[in-house]
Amino acid sequence: MTDALATSGQYETEIDADLKHFLYRQMARIRAVEEGIIEHYSEQEMRCPVHLSVGQEAAGGPGACAALKRTDYVFSGHRSHGHYLAKGGDLKAMMAEIYGKATGCAGGKGGSMHLIDLEVGFLGAAPIVGSTIPIGAGTAFASKMRGENRVTMIFLGEGATEAGAFYETVNFAALKNLPLVFLVENNFFSVYSPMDARQKGEDRIVDIARAHGIKAYRGDGNEVEDVYRLSKQAVDRARAGAGPTLLELITYRWREHCGPNYDNDIGYRTEVEFQLWKTRCPLEAYARRLVEEGIATRERLDTMLVAEREDVCAAIAFAKSSPWPSADSAFMNIESPPQLASQ
């Protein structure tokens, strides 16, 4: 499934045992966090919508962000938990944000779709589809103008490639040769609309990028090492001044578009299709691979997963015990301070 050029010898990237363990643990962390949200969501204490990426853990951050430096920048959209965590975002601050608490990463005012952690270069997520795409290009343009050795990565779903901002940004990125990586997670559905009801042609997304003069590749979004290799190639190209790259990663979400439940009964996808993709669970598939390669034992991998679940329990406890935002905070950070506005 991965583009032949992207996996030819000149682009091979060595993945040692430490990195393999790290990639597994990152996926286990994302899965544990989202399972924790699923378990507690019915308590009605998380009062914001949640868009989960269960089933998309390999495409949704670990492999891609492992190719970045801490000083690089990441933007995301509404399904952003995995991207935030993979970039190193603070788990307790994320969970507190979902609970609407003052200790949240956005002060409890944004919720699940407005995660941010400036300390690790996660510059933000937003629920408006496609809205962070041009902002990410602006960040990459600023880095280039300042002579900074930074790369910006923008995570988006395949539905966002239908927004006008995507076309404009791809064109601008190519024109200005920006240090930018577009990472498209193609899970086939924009809410409940399948790809064939929205886009014509199997290669449409990569073709759009290539038509604008951008290198573009398609990869298996459920194979975390493939995602890492493709991302490393794209990031290295951007950092070397070779311009932007688009990666389309094929994957599949297990849960409903928005919320903690399954929704196959609605009829927009079949149970057979869902079960087929579930057999390709990226976390379990990678666990089997590491055991077969002698990189890790099943016991060690299970211990990692248990440790991540314990961290999630601690983060949820922290969120529940945290204070609510003060009434005064509703009027904070909505305009520039007077001394800056007057300059």
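1. Let us begin with helix α8, which covers residues 224–239. At 1.5 Å a residue, its 16 residues should span 22 Å, and the C-alpha atoms at its ends are indeed 22 Å apart, so expectation and model agree. Please keep in mind while reading that this is a predicted model. Most of α8 is covered, with 13 of its 16 residues buried. Just after the helix comes Gly241, which takes a positive phi of about 90°.

2. A good next stop is Glu225, a residue of α8 that makes a salt bridge. Its partner is Arg289, and the closest N and O atoms of the two are 2.9 Å apart. Arg289 belongs to helix α10 (residues 282–292) while Glu225 belongs to helix α8, so this contact ties together parts that lie 64 residues apart in sequence. How do the two partners compare in cover? Glu225 has 1% relative accessibility and therefore counts as buried, whereas Arg289, at 26%, counts as partly exposed.

3. Arg289 has another partner to look at. It also forms a salt bridge with Glu293, where the closest N and O atoms are 3.2 Å apart. Glu293 has a relative accessibility of 39%, so it counts as partly exposed. Which residues are linked with these in a network of salt bridges? The network is made up of Lys20, Glu223, Glu225, Arg229, Arg289 and Glu293.

4. Salt bridges turn up elsewhere too: a search of the whole structure finds 24 of them. One to look up is the contact between the side chains of Arg218 and Glu248, at 3.3 Å from N to O. Here the link runs between strands, with Arg218 in β7 (residues 215–220) and Glu248 in β8, 30 residues apart. Are these two residues buried or exposed? Arg218 counts as buried because its relative accessibility is 15%, below the 20% cut-off. Glu248 is buried as well, with a relative accessible area of 2%.

5. Now to the aromatic rings. Ten aromatic pairs are found when the whole structure is searched. Among them is the pair of Tyr84 and Phe122, an edge-to-face arrangement with 5.5 Å from centre to centre and 85° between the planes. Tyr84 sits in helix α3 (residues 81–86) and Phe122 in strand β2 (residues 122–125), so their pairing ties together parts that are 38 residues apart in sequence. Both Tyr84 and Phe122 are buried.

6. Rings can also gather in groups. Phe188, Phe189, Tyr192, Tyr252, Tyr268 and Trp277 are linked by ring pairs into a cluster. It is worth selecting these six side chains together in your viewer.

7. In two places that you may like to inspect, an arginine is found over a ring. Arg31 lies over the face of Trp254, at 4.9 Å from the ring centre. The charged end of Arg255 sits over the ring of Tyr262, and the distance to the centre of that ring is 4.0 Å.

8. Tyr192, met above as a member of the ring cluster, also has a place on the surface. Together with Val191 and Ile266 it forms a nonpolar patch there, and the three have about 250 Å² of accessible area together. Where in the chain is Ile266? It is in the loop between β8 (245–250) and α9 (271–278). Its relative accessibility is 49%, so Ile266 counts as partly exposed.

9. Val191 deserves a look of its own. This patch member is found in the loop between β5 (189–190) and β6 (193–194). Its phi is near 60°, a positive value in a residue other than glycine. With 35% relative accessibility, Val191 counts as partly exposed.

10. Finally, compare Asn177. Although not a glycine, Asn177 has a positive phi, of about 55°. The residue is placed in the loop between α6 (164–175) and β4 (180–186). Asn177 is partly exposed, its relative accessible area being 31%.

Notes
Residues are numbered from 1 along each chain as its sequence is written. This is a predicted model: local features need pLDDT of at least 70, side-chain atom pairs count only at pLDDT 80 or more; totals for chains, interfaces and linings use all residues. Side-chain values use heavy atoms; hydrogens and water are left out. Patches are made of residues with over 30% relative accessible area and no salt bridge: like charges are joined within 9 Å, nonpolar side chains (Val, Leu, Ile, Met, Phe, Trp, Tyr) within 5 Å. Accessible areas come from the Shrake-Rupley method with a 1.4 Å probe; for residues, only the protein chains shown count as cover. A salt bridge is a side-chain nitrogen of Lys or Arg within 4 Å of a carboxyl oxygen of Asp or Glu. Helices (H or I, at least four residues) and strands (E, at least two) are DSSP runs, numbered from the N terminus. Buried means under 20% relative accessible area, exposed over 50%, partly exposed in between (1.4 Å probe, protein chains only). Rings of Phe, Tyr and Trp (its six-membered ring) pair if their centres lie within 6.5 Å; planes under 30 degrees apart count as stacked, over 60 as edge-to-face and the rest as tilted. A charge sits over a ring if NZ of Lys or CZ of Arg is within 6 Å of the ring centre and within 35 degrees of the ring normal. The expected span of a helix is 1.5 Å times one less than its number of residues.
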